[in-house]
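Please open the model in your viewer and keep the selection panel at hand. The tour below goes from one selection to the next and says what is to be found at each stop.

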Amino acid sequence: MLQIKGLYKSFSVGTPLENRVINGLDIDIRQGEFATIIGSNGAGKSTFLNLIAGTLDADEGTIVLDGQDITDVKAFRRANNIGRVHQDPKMSVASSMTLLENLSLADAKGESLSLRKAVSQERIEGYRERLKSLELGLEDKLYTKMGLLSGGQRQGVALLMAVMKRPKLLLLDEHTAALDPKTSEIIMRITDKLVEEDSITTLMITHNLKHAVQHGTRLLMMHEGKIVFDVSGEEKSKLTSKDLIELFRKNANEDAMEDRSLLSL
């Protein structure tokens, strides 16, 4: 479904600060897989997602999505098939617009629809039902500006917007990191629900080791721009947070263990 071969990305090339962040990365993600991605700061996790989304250009390598080579496809065109939720709740929604307007724009992505058609009464009722299923009390806030909602509510809406057009691929870049623990668990419940409903192929970066082992069907560990550990199925289901700490010691290095945010248990 998603095939990545020989991917490289460096920054500040030709200067004393040159830094190779992605270093010959190869990975195949199968249709319907939900892969969690862990790694210390600087491992290349967010750069990896940016390369897939097209917000960064690869130096070398190929990215194939559902049989189509998208390596040189512009980000706005990739967005028709790729949904994304960022760490900052404000990055995935338009804070100055109402909840209804945000949902309408997401619903009209890739279509030649006027705003009037997008917000027909039938669609509004459909939005209410989808919002009600999130259990965040949003079904009666359609005319509230997004900036007035809580961070957790915004992330819930961002998730709904990201999957509204049933993307081929969903990218989650530490989408619970800015939330308190209780809200983080709520958003993970919503994530599982939305991903499972349409069997959406998903890549999720997380610094929360509990989330890494409890969610998803596959776990990837990155270090120095490569995949150093890859586990799925029954083997993944048996992993614990403590197992992951040991894997960091074995597959990364002792310095990685100093990243306290990584050790969220």
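Begin by selecting β4 together with strand β5 (residues 68-69), which run antiparallel and are joined by two bridges; helices (H or I, at least four residues) and strands (E, at least two) are DSSP runs, numbered from the N terminus, and two strands are said to pair if DSSP finds at least two bridges between them. This is a predicted model, in which local features need pLDDT of at least 70 and side-chain atom pairs count only at pLDDT 80 or more, while totals for chains, interfaces and linings use all residues. Residues are numbered from 1 along each chain as its sequence is written, and side-chain values use heavy atoms, with hydrogens and water left out.

**The four-stranded sheet**

Within the pair already selected, Leu-65 has Gln-68 in β5 as its bridge partner, and the two strands form a hairpin with two residues between them, where Asp-66 in the turn has a positive phi of about 50°. Now add strand β1 (residues 2-11), which runs antiparallel to strand β4 (residues 60-65) and is joined to it by five bridges; Tyr-8 can be found opposite Glu-60 in β4. Widening the selection gives an open sheet of four strands in the order β2-β1-β4-β5, with antiparallel pairing, whose edge strands, β2 and β5, each pair on one side only. Helix α1 (residues 45-53) lies across β1, β2 and β4 and runs at about 115° to β1, where axes are lines fitted to C-alpha atoms, for helices over the stretch in contact, and angles run from 0 to 180 degrees between N-to-C directions.

**Arg-30**

Next, select Arg-30, which is found in the loop between β2 (19-29) and β3 (34-38). Is this residue buried, partly exposed or exposed? Arg-30 counts as partly exposed because its relative accessibility is 47%, buried being under 20% relative accessible area, exposed over 50% and partly exposed in between (1.4 Å probe, protein chains only). The side chains of Arg-30 and Glu-33 are joined by a polar contact of 2.7 Å; such a contact is a pair of N or O atoms within 3.5 Å, of which, within protein, one must be able to donate a hydrogen and the other to accept it, and residues adjacent in sequence count only if both atoms are side-chain atoms. Leaving aside residues up to four places away in sequence, Arg-30 touches Met-1, Thr-201, Arg-218 and Ser-232, contact meaning heavy atoms within 4.5 Å.

**The six-stranded sheet**

From Arg-30, move on to the open sheet of six strands, which has the order β6-β7-β8-β3-β9-β10 and mixed pairing. Its edge strands are β6 (82-85) and β10 (226-232), each of which pairs on one side only, and the twist averages 20° from one strand to the next. Inside this sheet, β3 and strand β8 (residues 201-205) pair in the parallel sense over four bridges, and Phe-34 stands opposite Thr-202 in β8. Helix α6 (residues 151-163) packs on the sheet and touches β6 and β7 (169-173), its direction making about 175° with that of β6. Helix α7 also packs on the sheet, touching β3, β7 and β8, and its direction makes about 145° with that of β3.

**Helices α7, α5 and α3**

Keep α7 selected and add α5: helix α5 (residues 121-134) and helix α7 (residues 181-198) pack at an angle of about 130°, with their axes 10 Å apart. The residues that meet are Arg-130, Ser-133 and Leu-134 in α5 and Arg-189, Ile-190, Lys-193, Leu-194 and Glu-197 in α7.

Finally, select helix α3 (residues 99-107), which is largely enclosed by the rest of the structure because seven of its nine residues are buried; among these buried residues are Asn-102 and Ala-106. The helices α3 and α5 pack at an angle of about 105°, with their axes 11 Å apart. To display this contact, select Leu-99, Leu-100, Leu-103, Ser-104 and Asp-107 of α3 with Arg-123, Ile-124, Tyr-127 and Leu-131 of α5.
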